[in-house]
Amino acid sequence: MHALVALALILGPPPGSSEPDRGDATSSSSPDPTSSPSPTSSPSPPSSPSSPGASLRAYLRRPLPRSARFLDHGVIALTTGGGTPHIYRLDLRVGLFDHVSVGATLHWLPGQRAPQVWPVGAIAFWRMRGASGVGFEVGAHYRPVLYPPVDPQLEFVPRTHLGLGSVVVSSGLFSAGLDVGAAHTRARVVDPAETLAFRRRAVFGGGVFARVGNRRVGLSADALAVLGPDPLLVFELAVDLRFGVFEERARGGWREP
């Protein structure tokens with residue numbers, strides 16, 4: 001009996017009855033640190049498209065040339081000028097969305113019972129400034145011609161309205177361009193018996209203009225011709241002050257280019 005027990009101890013336990021290796025059991029039961037999943041981080045929300053308000057503000061802050069014809073958004077311009085045939089006039093405008101300028105022009109001369117006031121406006125179809133600093137603009141504007149007063153009971157009363165397309169080139173402090181369009185005017189009827197009679201006609205109108213100045217103050221000159229039965233030359237020298245009341249761009253100073 002003792003010999004059988006000794007033989008069993010020497011040979012070891014039977015193949016099917018051996019205990020599982022504790023090291024293997026431990027390693028199989030414990031998670032592998034290299035294969036453990038990394039902690040999940042909350043996914044970043046997808047970038048939403050910019051809001052319309054932010055896009056509009058970015059558009060209204062883009063660089064633009066110092067224009068002789070068009071105002072930037074939020075800028076109010078006060079202009080006083082002298083010339084012919086209007087003698088002098090005052091002009092007040094406001095720029096909206098970089099493309100629209102609206103306002104009024106007036107003068108009040110001796111012999112007029114009240115100021116002569118007319119609306120004025122401009123629209124820019126395209127405005128840009130290149131990397132070199134040279135700007136190009138294409139648009140149109142409306143302006144009346146203010147005449148000195150006459151007695152409507154005794155004299156023919158002239159009246160002319162100009163609707164002109166404008167092309168503007170700007171660089172630094174200088175801006176100049178060309179106006180081409182139509183003039184709606186009163187043409188005197190050649191009849192000695194009808195000295196006050198007139199006809200309305202649309203004729204060619206156009207000319208050149210220029211402005212020297214910065215974003216806040218400038219000196220401008222206009223020379224326009226109306227080629228009607230009674231040709232008319234409109235010439236003016238003017239000074240304009242531009243106030244950044246609610247513009248989106250950096251306002252800068254009066255001495256800033």
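This report describes the fold, nonpolar cores, selected residues and internal spaces of a predicted model.

**Overall fold**

The chain has 257 residues, and 33% of them count as buried. Its secondary structure consists of three helices and 10 strands. In sequence order the elements run α-α-α-β-β-β-β-β-β-β-β-β-β, with the helices ahead of the strands. Among contacts with a separation of 6 or more, 56% join residues 24 or more positions apart.

**Nonpolar cores**

In soluble globular proteins, nonpolar side chains tend to be buried together. In this model, the largest nonpolar core contains 10 residues. Its members are Val145, Tyr147, Leu162, Leu164, Ala183, Val203, Leu224, Val226, Leu232 and Val234. Three strands, β6 (160-171), β9 (217-227) and β10 (232-244), each contribute at least two residues to this core. A second core, separate from this one, has six residues, among them Ala68, Ala122, Val168 and Phe209.

The surroundings of one member of the largest core, Val203, can be listed. Not counting residues up to four places away in sequence, Val203 touches Gly181, Ala182, Ala183 and Thr185. With that exclusion, Val203 also touches Val226, Leu227, Gly228 and Pro229. Two of these partners, Ala183 and Val226, are listed in the largest core along with Val203.

**Thr185 and Arg159**

Thr185 belongs to strand β7, which covers residues 174-188. Is Thr185 buried or exposed? Its relative accessible area is 9%, under the 20% limit, so Thr185 is buried. The side chain of Thr185 makes a polar contact of 3.1 Å with the side chain of Thr160. Beyond four places in sequence, Thr185 touches Arg159, Thr160, Arg199, Arg200, Arg201 and Val203. The contacts of Thr185 thus include Val203 of the largest core.

Arg159, one of the residues touched by Thr185, lies in the loop between β5 and β6. The relative accessible area of Arg159 is 32%, between the limits of 20% and 50%, so this residue is partly exposed. Leaving out residues up to four places away in sequence, Arg159 touches Trp118, Tyr147, His184, Thr185 and Arg186. Arg159 and Arg186 are 27 residues apart along the chain, and their C-alpha atoms are separated by 5.7 Å. Tyr147, another contact of Arg159, is a member of the largest nonpolar core.

**Pocket and cavities**

The largest pocket holds about 460 Å³ of space. It is lined by 18 residues, and those closest to its centre are Gln112, Gln116, Pro149, Val150 and Val157. Strands β4 (116-129) and β6 each supply at least two residues of this lining.

The structure also holds three cavities of 30 Å³ or more. In the largest cavity, the residues nearest the centre are Ala68, Arg69, Thr79, Arg89 and Arg93. Two or more lining residues come from each of β1 (75-84), β2 (87-96), β5 (134-145), β8 (198-213), β9 and β10. Of these, β10 gives the largest share, four residues. Ala68 lies nearest the centre of this cavity together with the other four and is also listed in the second nonpolar core.

For the second largest cavity, Pro65, Arg66, Asp72, Arg215 and Arg242 lie nearest the centre. The table sets out the volumes and the linings.

| Space | Volume | Lining residues | Make-up of lining |
|---|---|---|---|
| Largest pocket | about 460 Å³ | 18 residues | 11 nonpolar, five polar, two charged |
| Largest cavity | about 340 Å³ | 22 residues | eight nonpolar, four polar, 10 charged |
| Second largest cavity | about 100 Å³ | 13 residues | four nonpolar, two polar, seven charged |

**Thr79 at the largest cavity**

Thr79, one of the residues nearest the centre of the largest cavity, is located in strand β1. The relative accessibility of Thr79 is 15%, under the 20% limit, so this residue counts as buried. Apart from neighbours within four places in sequence, Thr79 is in contact with Arg89, Leu90 and Asp91. Ala238, Val239 and Asp240 are also contacts of Thr79. Of these partners, Arg89 is likewise among the residues nearest the centre of the largest cavity.

Methods
Residues numbered from 1 in each chain as written. Predicted model: local features only at pLDDT ≥ 70, side-chain atom pairs only at ≥ 80, totals over all residues. Heavy atoms only, no water. Core = buried A, V, L, I, M, F, W, Y, C linked by side-chain atoms within 4.5 Å. Buried < 20%, exposed > 50% of the residue type's maximum accessible area, 1.4 Å probe, protein only. Contact = heavy atoms within 4.5 Å. Polar contact = N/O pair within 3.5 Å; in protein donor to acceptor, adjacent residues only side chain to side chain. 1 Å grid on protein atoms, 1.4 Å probe; cavity = no way out; pocket = protein on both sides within 12 Å on 5 of 7 lines; lining within 4 Å. Points joined across faces, edges and corners; volume = space filled by probe spheres on them. Nonpolar A, V, L, I, M, F, W, Y, C, P; charged D, E, K, R; others polar.
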